[in-house]
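Work through the exercises below with the sequence and the coordinates open. Each task is followed by a solution in steps.

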Amino acid sequence: MTTATIDPTDLLRQAGLRVTAPRVAILTELARLPHVDVDTLSQAARERLGSVSTQAVYDVLRVLTTHEIVRRFEPAGQPARYEINTGDNHHHIVCRTCGTFGDVDCAAGQRPCLDVVDAHGFLIDEAEVLYWGLCPTCQAAAKAP
């Protein structure tokens, strides 16, 4: 499922959740703005709905994350980011200079990130990998005279 083709109402109903205007607005904005922080998401939801408190956005995100509709990840030194959970095992790449985010497919193989050499007795069901580097734009800027 790509986030461009999500139907917020269907996602909520499939999870057994009530369909509310804030939930629909937040899912709509998450489809439009992947890897978004709460402040940006709150502003976008306010523009869509007219008004919604930041606490309401946090409450909606908590419910959507608990029901695995939304995925939350926290890059070091940055606010938590949210995206619609597409059910795949993708990871993220972040530019150290401008903060641009991108999705990166899991490393080659069926589940290499979940099949570790020694899991210390843990049953691993998810891996969160975050790659850091310089995006093409920042690389070009660094080379410019």
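**Exercise 1. Two residues with unusual backbone angles**

Task: Decide whether E68 is buried or exposed, and find what is notable about its phi.

Solution.
- Step 1. This is a predicted model, and local features are read only where pLDDT is at least 70.
- Step 2. The relative accessibility of E68 is 60%. The cut-off for exposed is over 50%. E68 therefore counts as exposed.
- Step 3. Locate E68: the loop between α4 and β1.
- Step 4. Most residues other than glycine have a negative phi.
- Step 5. E68 has a positive phi, near 60°, and is not a glycine.

Task: Repeat the analysis for H120. In which loop does H120 lie?

Solution.
- Step 1. H120 sits in the loop between β4 (101-104) and β5 (130-133).
- Step 2. Phi of H120 is positive, about 55°, although H120 is not a glycine.
- Step 3. H120 counts as exposed because its relative accessibility is 64%.

**Exercise 2. The loop between α4 and β1**

Task: Classify H67 by accessibility and list its contacts beyond four places in sequence.

Solution.
- Step 1. H67 is in the loop between α4 and β1.
- Step 2. Its relative accessibility is 37%. Partly exposed is the class between under 20% and over 50%, so H67 counts as partly exposed.
- Step 3. Set aside neighbours within four places. H67 then contacts A15 and L17.
- Step 4. Check the separation of H67 and A15. They are 52 residues apart in sequence, yet their C-alpha atoms are 6.7 Å apart in space.

**Exercise 3. The pocket**

Task: How much space lies in the largest pocket, and which residues are closest to its centre?

Solution.
- Step 1. The largest pocket holds about 390 Å³ of space.
- Step 2. It is lined by 14 residues. Closest to the centre are E68, R71, N85, D125 and E126.
- Step 3. Sort the lining by class: 7 charged, 4 polar and 3 nonpolar.
- Step 4. Sort the lining by element. Strand β1 (residues 70-73) has the largest share, with 3 residues.
- Step 5. Link back to the first exercise. E68, with its positive phi, is among the residues closest to the pocket centre.

**Exercise 4. The fold as a whole**

Task: How many helices and strands does the chain have, and what pattern do they follow?

Solution.
- Step 1. Count the elements: 5 helices and 5 strands.
- Step 2. Read them along the sequence: α-α-α-α-β-β-β-β-β-α.
- Step 3. Set the frame. Along the principal axes, the C-alpha atoms fill a box of roughly 50 × 45 × 25 Å.
- Step 4. Find the buried share: 34% of the 145 residues.
- Step 5. Look at contacts with a separation of 6 or more. Residues 24 or more positions apart account for 46% of them.
- Step 6. Look at the surface. The accessible area is about 8,800 Å², and 51% of it belongs to carbon and sulfur atoms.

**Exercise 5. The nonpolar core**

Task: Which residues have the most contacts inside the largest nonpolar core, and which element gives the most to it?

Solution.
- Step 1. In soluble globular proteins, nonpolar side chains tend to be buried together.
- Step 2. The largest core here has 23 residues. I26, L27, L30, L61, L64, I69 and V70 have the most contacts inside it.
- Step 3. Two or more residues come from each of α1 (8-14), α2 (21-32), α3 (38-49), α4 (54-66) and β2 (81-84).
- Step 4. α4 gives the most, with 5 residues.
- Step 5. Follow I26. Beyond four places in sequence, it touches L41, A45, V57, V60, L61 and L64.

**Exercise 6. Two buried helix residues**

Task: Are L12 and V38 buried or exposed, and what do they touch?

Solution.
- Step 1. L12 is in helix α1. Its relative accessibility is 0%, so L12 counts as buried.
- Step 2. Beyond four places in sequence, L12 touches L17, R18, V19, R23, V24, L27, L64 and I69.
- Step 3. Take V24 from that list. It is 12 residues from L12 along the chain, and the C-alpha atoms are separated by 8.3 Å.
- Step 4. V38 is in helix α3. V38 is buried because its relative accessible area is 5%, and the cut-off is under 20%.
- Step 5. Beyond four places, V38 touches T54, V57, Y58, L61, A80 and Y82.
- Step 6. Compare D88. It lies 50 residues from V38 in sequence and 23 Å away, C-alpha to C-alpha.

Note on methods. Residues are numbered from 1 along each chain as its sequence is written. This is a predicted model: local features need pLDDT of at least 70, side-chain atom pairs count only at pLDDT 80 or more; totals for chains, interfaces and linings use all residues. Side-chain values use heavy atoms; hydrogens and water are left out. On a 1 Å grid over the protein atoms alone, a cavity is a set of points where a 1.4 Å probe fits but cannot get out, and a pocket is an open set with protein on both sides within 12 Å along at least five of seven lines; lining residues have an atom within 4 Å of a point. Grid points are joined across faces, edges and corners, and a volume is the space filled by probe spheres set on the points. Helices (H or I, at least four residues) and strands (E, at least two) are DSSP runs, numbered from the N terminus. Ala, Val, Leu, Ile, Met, Phe, Trp, Tyr, Cys and Pro count as nonpolar, Asp, Glu, Lys and Arg as charged, and the others, Gly among them, as polar. Buried means under 20% relative accessible area, exposed over 50%, partly exposed in between (1.4 Å probe, protein chains only). Contact means heavy atoms within 4.5 Å. Accessible areas come from the Shrake-Rupley method with a 1.4 Å probe; for residues, only the protein chains shown count as cover. A nonpolar core is a set of buried Ala, Val, Leu, Ile, Met, Phe, Trp, Tyr and Cys residues joined through side-chain atoms within 4.5 Å.
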